[in-house]
Structures are given as C-alpha cells and as structure tokens.
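Visitor: Hello! Could you walk me through this protein, one question at a time?

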Amino acid sequence: MNQTCHRFLKAFGYGLGVLFVMLGTGRAQDVITLSHHYQQSDGTCCWDFSVKNANTQGQVINKIIVTLQGNDGTIFTSAGSKDATWNPTNPDDHTSSYVAGGSSIAVGSTVSGFNFCLQMGIDASPEALSVTTYNNSTALSTSALSLVCTPYQSFNKLDTVTVVASQAGTDPCFRFKVTNRNDNFTAIDHMVFETLDPQEGYIRPSSVRAPSGWTLDSVTPNRVYFSTFNAIDNGKSVDSFFICLFGNPNLTKYGWVWRAVSGEALIDRDTIRNIAATASSSSTGSPDQVTATNRFGCLYTINLKNYHVTARTLPSRLTGLIINSSTPGVTIASAPTVPAHWAKSISSHADTVYFQAGSDSDGVASGVVLSDFGLSLDNPSGNAFTLHWQTLRAGSVISSGDLNLTCSTGASLSDTAVVAPNNGCCYKLTLQNRHNSPPSNDYGFSLAIGDGSGTFDPTTGTLFTSQAWNVSLSPDNTSVRFSTPSGSTNFQPSGASQTVFFCVKPKTSGQPVTVQYQSYDASAVATSPAQSFAVTCSVVSSVCDSVRYMTTNANSCLQSFAVLNRRATPVTKVVASPLMGWKIDTAFAPIPWTAKVDPSNLFVTFSASPGIASNSEQTGFSIAFSGQKTSNSFAVQFATTNDAGVCLDTLQITCMASGVGEHLAQAGSLKLVASPNPFHEATDLTLTMPVSAKTTVELVDLLGRSVKVLANEELTQGTHVFHIEGAGLAAGTYYVRVQSLVGLVTKKIVLAK
C-alpha cells in the first residue's frame, strides 16, 4: 500500500462524533449529557460530559465510573475534570474513574467539565459505554452511551453523492458524482466507496478509474480508496468515480456506502440503496496482467498490473513475480531494477528470475500498476522467444501467462552525457545509463579536470545530482565523486537518466575547460569507458534568483513557495528537484503558468510566457512530495531560467506534524577565511554561515586524507572561528573542507616551519 493510503486508512480509525446517547430505563436515572466532542492531533477522540443528580435514592454522587463494554481494540487514553476537587484517573484501558475529593453532586444539581478520550480502532463501529454513578461503593444508576467520533452528526447540510448505473460487458458498473455541501466548509480530499452487502459481489480492480486529478490508492474486495491533492472545495463537484463489480447474477439491485474525508477526519458518510443493475451469469474473473517494454537492446521494463478477481480469488496484494525463459538458449543476464523493498534472485541456470516483496505491505496493491521491474536478457540468436510469468500471493500462484518477444543485443553501448549551459560558468549535465554489456545499475560516477584547464567552483553553485547522491570534492577542486549512500537503493537504473549541476573556474577566461566523466557499478568498477567534453565560459554572474516559502502543510507534505527574479530579463522556467530519495506526487502552478511532472517523479518543470518580470516575485507554486522517509528532512533544488542562463537555490523541507519549511541561502554566501595564511605556529579559520545547517569542517592533506575534524554538527547562522595549531603537523600544504546543505567550500592553507 502506498504512503497516501496508509495515512488514509489511519484517518478512518480516528475520524469517527457523537452518534447518540441512550439513557437507562426503569426508575429515575442520573442524567449524563455529552456537551462537546473533539479530536486531538494524535487522532484520539475526546468528549466533555456533565452529570445531573436525578436518581430516586436521594443520595449525593461522589464517584462516577465510565466503562467500555466491547473488546474491539478501543481503549481509554485519558480522563479529566475542570473541577479541581474531583480526581480523574484511568485504572485500566477500559475504565475512566472520577472520585470527589471535596464537593459531591447534590440531589438536583449538575456538575459539568468531566472528560475522557478514546483511542479507537480502524473503521471503529459505534462504541458502547456505560456510565455508573455511585455514593461511596453503592451504585445509584447506570446509563448507556453509543459514540462515534465525527463532526458531521451536527451538520444541517451534508455532502451529496449521486450515482449512475451502467453495464460494461457482463459487469454492473457505477459512476459516482461527489458534491461538497458540508456545513463547516471543509474540503474533501479522500473518498471511499464500499459495497453495502458483501454478497453483491467483488470489486473488479481493472475496472476502477479515478476522476481527473484524483488517484486510486488501493482496492479491497469490497472497498475502493481514492485520494487527491486538489481537494473538492465547498460548493464544488467532481464526477466520474467509476467502479465495476464482478457481480452476483442473482441480484437486480445494489447498494453502496460512501465516506468523505478531509485530511485525517471523516466528514460525513451515507448509503445509496436499491440501485438497479444486473450482472451476467456468464461473467468471468480477471487475471493479473504482465507486459514488457523494450528500453534498448535486450533490456526490458516489466509492467505488472494487479487486476485479479474471481469467485475464489479476491482482490489482494501481490507479493511475488516469477519470470522464466521458455526458449532454449535465451537466458537472463540480470535484473537491474526492482521496486523499493523488493528482493531479486536469478536461478543457477540463469533461466528464471524471482522478485519477492519484503513484506505484505510492500506488495503491489489491487488496482495498481507497477513498472519498476527491470530485466536484461542474453539472446545470441536474435530470434523470437517466449517468457512465462507467474504472479504470487503469499507463495501461491494467482495468475500466469506468456510474453512473446523479439530482441537483439546489438552493438555495445556506453553511458552518455549531454551538457547544456547554465548561468555563467555553471552547467547542467544529463547522464544516461546506457551500457548494455551487460546492463547494470550505476552506483556512482566521477567528473575530473585533469589537463590544468581549470577547476570546479563550489562557491558559485551547489554540486548535486537529481539522485541525491553523496558528493566528495578533491582538495584541489579538480575532481568530484558522486556515489550512492551506503546501503541505499537509490541507484541509477539501466536506461534511466539523472541531472547533475556543476560550475567551473577556467584557468584562462574564455578558454575551454575539459571535463572527463566515468560511471561505476556497486563495486566501484567502471561500467563504461571514460569520455570527455569541453565547456567554455568567461565570468560568473554574482546576482541570482531566490526561492522562499509561502505556506507549509507538513502533514500532507504539500509545500507552497514563491520565486523572486533578481536578474534583468524575465524568468520563464522553474525546475524543482527533490533530493535524498524523495519524489514529487503532484504540482500546481499559478495562472498562467503550467506544471509538468516528469514521469520519473524526480523533478517538475513550471513554465510560462512572458514569465516573471525583472525584480518581481511570483507566488502560488505548490508541490506535494512523498519518498523513502529515511529522514523527515530533505532538500529541494530549484533551477530558475531566463535568456541569460540558470540560477540555483535550495529549500530544506521538514515533513512532520509540526514541521516547517526553512530557507537555505545560496552556496555563494558560505564564506571561509584563514588568517594568517601561510602560518608558522597557528591560524584561525573564520566560517560565515548564511543560515543554520548541519555542517562538517575538516582539515585534510594533499591526498584528501582526514587530518582532523574541526566540526560535525548543526552550526548556527553567523560567524564561527576554528583554531588550528601547527604543533604536531608536518610543514606543507593542507586544505580545509567545509560541507553543508548550504554548499561546499575548500580553502588551501600552508604551514611553514
């Protein structure tokens, strides 16, 4: 299940208000009144209540006990009282107790301000509780409560859903239209549709479609979950939530339950009954579908569609995929890509590859298409061949079929690099993994200036890649190595591209700087021959655009920002690239701008004409992010383009309940000064931080070996001084290297004894 759906299901457990209060019968009872209910930020549901002493015994009330009647996972999390003379406690998970420490509730009197909170289970039913009043140990009366925590019980107007039935072959199909009419003007960003009776049949995953701007999260046998970042505002409608059933042919009328959700709160729900529709007795189930897309040579992307449903095999996650060569002589060379949290293995005879999800939750959800399986084949003859595939659920075969393919390995290919000018002496390099003998993932690459024509310039622009790899710059700034973090699956798959930004400082202005690049596999072995390209520039622009936050919705990772054009001509394009394994879900642009998310979800391009005028700011850009979440914080690199080139800026995003965006200044404002330099006994390093950021300051020798770590911590905005003693150091040249989210800077220092 994807991350959005995890949030969605959690919302249902905790998004349920008061359904009704049922008082005990018989002799006069004390009166329990629920006056207010609310949700806390962690999803627990809380109620305030009052107690009126109306029992026939004529005794004061000095103790109240509220007890959960069921055992469905719901528990008390807290009990409270606004009256400080009462002592509220939770003796156990199923009990809230309130004991008077001073004034009791006199006959005919009412005391309010008692409260309790419940942690309710997923899709909780109305919760049954009993409230018993006491005089010391003598029970006076008991009342029953039935609670559901949702705000919609008090609404005068509810959202509405209409349905139109149709037929698709043998299936009854239903098209739903949702109109936001709720009283509290809450936007709807999730919808759930559930069959009223499981006997009506099972949802057919291959025949579920989301409206434009919405996403199908997942399918269960009787439920469909949809979500969007473009919520339905009050008074607006969205049509064409389309669902078909592998239906029961004995029925002529069907029913549905729908639920409207905002964020993590259930807004309202209702039932649509007696919808006229029929299912054919000849209806057959649907198998999963597996297709292959050729990338180049004999490299394929395998597309898996979880579409299975029959009377005996219900919609469920897929946790395994097996592909076997049925043609003698055709073998499996490698499986260069797998989905996140999946494993792969190839048989000893190289005729079968096994893909296996790490856990059930990592499997392919019903109705979802996954295209992250890579397969490279060895087909010496170049003739047509057949692959047999099987999809699995918990080790059992769900569907199977054959792929009839033709490919030829062809001439050996090498990885390619295409360089394009950026601002001043900065450049954008597009690297594509194209080596095919055999295809494999790239885990790193290097750039080097070895002929003395110039150096890399980390003070002008940040060195980074769209893959968010680690960056290591040599002390003399003549080479840089990019590599995947240890243990990361954030490699560059065969056939995939990534973007690299770098800046150079030519030895002679206007003369070519020759850059050599080479890519490597997981063992640091070169995957392609080294190749070179030349760039020519003169000066570096000192003025660049900047990006800042407007608003932050950290719970949904939806960030809004503004772009300030600080240059002389209009900015017509803005490219945003999340780093550190994060990706883009959806992007929204202000009018008249357009937003186009790349199919890789690694970057989004905003474009407009005439664009942002000089010295003007454009607001209204928004991006929703998702990712590996190894950390709640990640960086987003922005490239703004006008006819003079490209500027780079970085935003640091924190995506958590209380997270806020934090702007990082450009790398050019990170400054390092050494004085005296050269030095005989000691020198002081003065580092100026434009903003607070995690930073490493390290003294290294000419071979790049660490001599001393001066700092490895969060450095605050402002000036920091580091003292280096010459005692214990050999005379010679050293480098001070500063690495931070703000940028990279290296300073040469000389110890003369």
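Guide: Gladly! Let us begin with a definition: a disulfide is a pair of cysteine sulfur atoms within 2.5 Å. Please keep in mind that this is a predicted model.

Visitor: By this rule, to what number does the count of disulfides come?
Guide: The rule asks for cysteine sulfur atoms within 2.5 Å. Cys-173 and Cys-244 fit, with 2.0 Å from S to S. Counting by this rule gives a total of five.

Visitor: Which strands hold Cys-173 and Cys-244, and how many residues apart are the parts they tie together?
Guide: The disulfide between Cys-173 and Cys-244 has an S to S distance of 2.0 Å. Cys-173 belongs to strand β12 (residues 171-179) and Cys-244 to strand β17 (residues 237-247), so the bond ties together parts of the sequence that are apart by 71 residues.

Visitor: Is the disulfide of Cys-173 and Cys-244 right-handed or left-handed?
Guide: Look at the torsion about the S-S bond of Cys-173 and Cys-244, which is about 105°. Because of that torsion, this disulfide is right-handed.

Visitor: Are Cys-298 and Cys-407 buried or exposed?
Guide: These two cysteines are joined by a disulfide, 2.0 Å from S to S. Buried means under 20% relative accessible area. Cys-298 has 5%, and Cys-407 also comes to 5%. Therefore Cys-298 is buried, and Cys-407 is buried.

Visitor: Where do Cys-425 and Cys-537 lie, and how many residues apart are they?
Guide: A disulfide connects Cys-425 with Cys-537, at 2.0 Å from S to S. Cys-425 sits in the loop between β29 and β30 (426-432), and Cys-537 in the loop between β38 (531-536) and β39 (546-553). The pair thus links distant parts of the chain, with a separation of 112 residues.

Visitor: Let us turn to a sheet. Which strands stand at the edges of the open sheet β49-β50-β53?
Guide: Three strands make up this open sheet, in the order β49-β50-β53, with antiparallel pairing. An edge strand has a single partner, so one of its sides is left without a neighbour in the sheet; this holds for β49 (671-675) and β53 (718-725).

Visitor: Which residue in β53 does Thr-688 stand opposite?
Guide: Strand β50 covers residues 682-689 and runs antiparallel to β53, with eight bridges joining the two. Opposite Thr-688 stands a residue of β53, namely Thr-719.

Visitor: Now for the empty spaces. Which element gives the largest share of the lining of the largest cavity?
Guide: This cavity holds about 60 Å³ of space. Its lining includes Tyr-517, Gln-518 and Ser-519. Two elements, β30 and β37 (512-520), each supply at least two lining residues. The largest share, three residues, is from β37.

Visitor: How many nonpolar, polar and charged residues are in the lining of the second largest cavity?
Guide: The second largest cavity has a volume of about 40 Å³. Among the residues that line this cavity are Phe-561, Ile-623, Val-636 and Leu-651. Elements giving two or more lining residues are β40 (558-564), β45 (617-627), β46 (633-642) and β47 (645-654). By class, the lining has eight nonpolar, one polar and no charged residues.

Notes: Residues are numbered from 1 along each chain as its sequence is written. This is a predicted model: local features need pLDDT of at least 70, side-chain atom pairs count only at pLDDT 80 or more; totals for chains, interfaces and linings use all residues. Side-chain values use heavy atoms; hydrogens and water are left out. Two strands pair if DSSP finds at least two bridges between them. Helices (H or I, at least four residues) and strands (E, at least two) are DSSP runs, numbered from the N terminus. Buried means under 20% relative accessible area, exposed over 50%, partly exposed in between (1.4 Å probe, protein chains only). On a 1 Å grid over the protein atoms alone, a cavity is a set of points where a 1.4 Å probe fits but cannot get out, and a pocket is an open set with protein on both sides within 12 Å along at least five of seven lines; lining residues have an atom within 4 Å of a point. Grid points are joined across faces, edges and corners, and a volume is the space filled by probe spheres set on the points. Ala, Val, Leu, Ile, Met, Phe, Trp, Tyr, Cys and Pro count as nonpolar, Asp, Glu, Lys and Arg as charged, and the others, Gly among them, as polar.
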